[in-house]
Amino acid sequence: MKKIAGKRRRFGYRRIGVLLERKGHVMNHKKLYRIYREEGLAVKRRRGRKRARGSRSPMPVALRPNDRWSLDFLSDTFGASRRFRILAVNDDCCRESLGLIADTSISGARVARELDALARLYGKPKSIVSDNGTEFTSRAILSWADKNGVDWHYIDPGKPQQNAFIESFNGSLRDELLNEELFDSLHDARRKLALWRYDYNNVRPHSSLNNQTPTNARRTLEISEVSAPGALAKTEDHQYQNPTRRLSL
């Protein structure tokens with residue numbers, strides 16, 4: 001029995017009993033279970049994967065720029081089906097795309113360095129929302145959040161709707177750029193992502209912002225005393241052209 005249990009570590013006493021019977025060792029199931037327990041062969045129940053719990057405080061409502069950032073990863077290919085990843089960082093209040101970082105591999109430490117660079121440019125966020133991906137639950141990220149006093153909120157597994165703003169952004173990015181363009185190299189992908197991000201922030205109208213651009217929405221909120229979406233005044237309609245259309249290969 002010990003030999004079988006050592007080889008079949010996840011087998012319970014019933015399966016071990018069947019294998020013993022095949023070898024000619026037949027015994028009552030009660031006796032089998034008693035010996036199985038006495039020998040300490042019971043299978044230990046596996047616990048779920050340890051997940052970072054993040055902040056225990058309620059997820060804040062994004063009323064002003066830097067109240068809440070959201071992060072997520074996307075993936076695509078360049079050249080001969082070489083895969084690369086894109087780290088998307090957004091401000092949930094004004095819908096601004098703060099960064100689209102593309103590389104063949106992005107670790108937790110790399111995410112922390114990119115957040116430091118964005119914090120120097122835009123200021124530190126009060127909170128960040130992401131999924132439970134290994135990059136976002138790494139020691140580097142947990143240390144970064146603690147060092148910078150940022151509340152990091154993790155959405156429940158399998159519920160991307162809890163991070164709806166970044167999911168909506170991902171859909172726009174994939175529909176308007178990733179599914180429309182072919183990338184010759186990583187450099188080419190970074191160039192087209194930068195152009196699309198500029199267009200998204202400064203030209204493309206957003207219905208959730210009264211057809212303003214995220215850049216104008218940020219500027220309006222920063223000078224306004226009323227921290228509410230209603231403070232966003234409608235502006236004159238600008239003729240909208242997508243510059244990435246000129247990049248079609």
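1. A quick definition to start: two strands pair if DSSP finds at least two bridges between them. With that in hand, look at Val-89, whose bridge partner in β3 is Gly-99. Keep in mind while reading that this is a predicted model.

2. Here's the overall layout. The chain has eight helices and five strands. Starting at the N terminus, the elements go α-α-α-β-β-β-α-β-α-β-α-α-α. Of the 249 residues, 43% count as buried. If you take contacts between residues at least 6 apart in sequence, 59% of them join residues at least 24 apart. The accessible surface of the chain is about 15300 Å², and 47% of that belongs to carbon and sulfur atoms.

3. The sheet is a good place to get your bearings. Its five strands are ordered β3-β2-β1-β4-β5, the sheet is open, and the pairing is mixed. At the edges sit β3 (96–103) and β5 (151–154), each pairing on one side only. On average, and with direction ignored, neighbouring strands are turned by 25 degrees against each other.

4. Now the pairings, beginning with β1 and β2. These two strands pair in the antiparallel sense over ten bridges, and they form a hairpin with three residues between them. Gly-79, in that turn, has a positive phi of about 60 degrees. One bridge to look up is that of Thr-77, whose partner in β2 is Arg-83. As for cover, eight of the ten residues of β1 are buried, leaving the strand mostly covered.

5. Next come β2 and β3, which run antiparallel and are joined by seven bridges. They form a hairpin too, with four residues between the strands. In the turn, Arg-95 has a positive phi of about 60 degrees.

6. On the other side of β1, the pairing changes sense: β1 (residues 69–78) and β4 (residues 127–130) pair in the parallel sense, over two bridges. Here Ser-70 stands opposite Val-129 in β4. Two helices pack on this sheet. Helix α5 (residues 139–148) touches β4 and β5, and its direction makes about 135 degrees with that of β5. Helix α6 (residues 164–178) touches β1, β2 (82–91) and β3, and its direction makes about 25 degrees with that of β1.

7. Is the edge strand β3 enclosed or open to the outside? Eight of its eight residues are buried, so β3 is largely enclosed by the rest of the structure. Leu-98 belongs to this strand, and Leu-98 is buried, with a relative accessible area of 2%. Leaving out residues up to four places away in sequence, Leu-98 touches Trp-69, Val-89, Asn-90, Asp-91, Leu-118, Tyr-122, Arg-197 and Arg-218. Take Trp-69 from that list: Leu-98 and Trp-69 are 29 residues apart along the chain, and their C-alpha atoms are separated by 9.0 Å.

8. On to the nonpolar cores. In soluble globular proteins, nonpolar side chains tend to be buried together. The largest nonpolar core here has 21 residues, and those touching the most other members are Trp-69, Leu-71, Leu-87, Val-111, Leu-115 and Trp-152. At least two residues each come from β1, β2, β3, α4 (108–122), α5 and β5. Helix α4 gives the most, with five residues.

9. Which residues is Leu-115 in contact with, leaving aside its neighbours within four places in sequence? They are Trp-69, Leu-71, Ile-128, Ile-141, Trp-144 and Trp-152. There is also a second, separate core of 18 residues, including Ala-102, Ile-166, Leu-178 and Ala-189.

10. Finally, have a look at helix α2 (residues 13–22), where Tyr-13, Ile-16, Gly-17, Leu-19 and Leu-20 are buried. Seen down the axis of α2, these buried residues fall within an arc of 165 degrees, so they line one face of the helix. The face turned away from that buried side carries the exposed residues Arg-14, Arg-15 and Arg-22. What covers the buried residues of α2 includes α1 (2–7) and α3 (29–38). Just after α2, Gly-24 takes a positive phi of about 95 degrees.

Notes:
Residues numbered from 1 in each chain as written. Predicted model: local features only at pLDDT ≥ 70, side-chain atom pairs only at ≥ 80, totals over all residues. Heavy atoms only, no water. Buried < 20%, exposed > 50% of the residue type's maximum accessible area, 1.4 Å probe, protein only. Arc of directions from axis to C-beta. Contact = heavy atoms within 4.5 Å. Axes fitted to C-alpha atoms, helices over the stretch in contact; angles between N-to-C directions. Areas by Shrake-Rupley, 256 points an atom, 1.4 Å probe, with all protein chains shown as cover. Core = buried A, V, L, I, M, F, W, Y, C linked by side-chain atoms within 4.5 Å.
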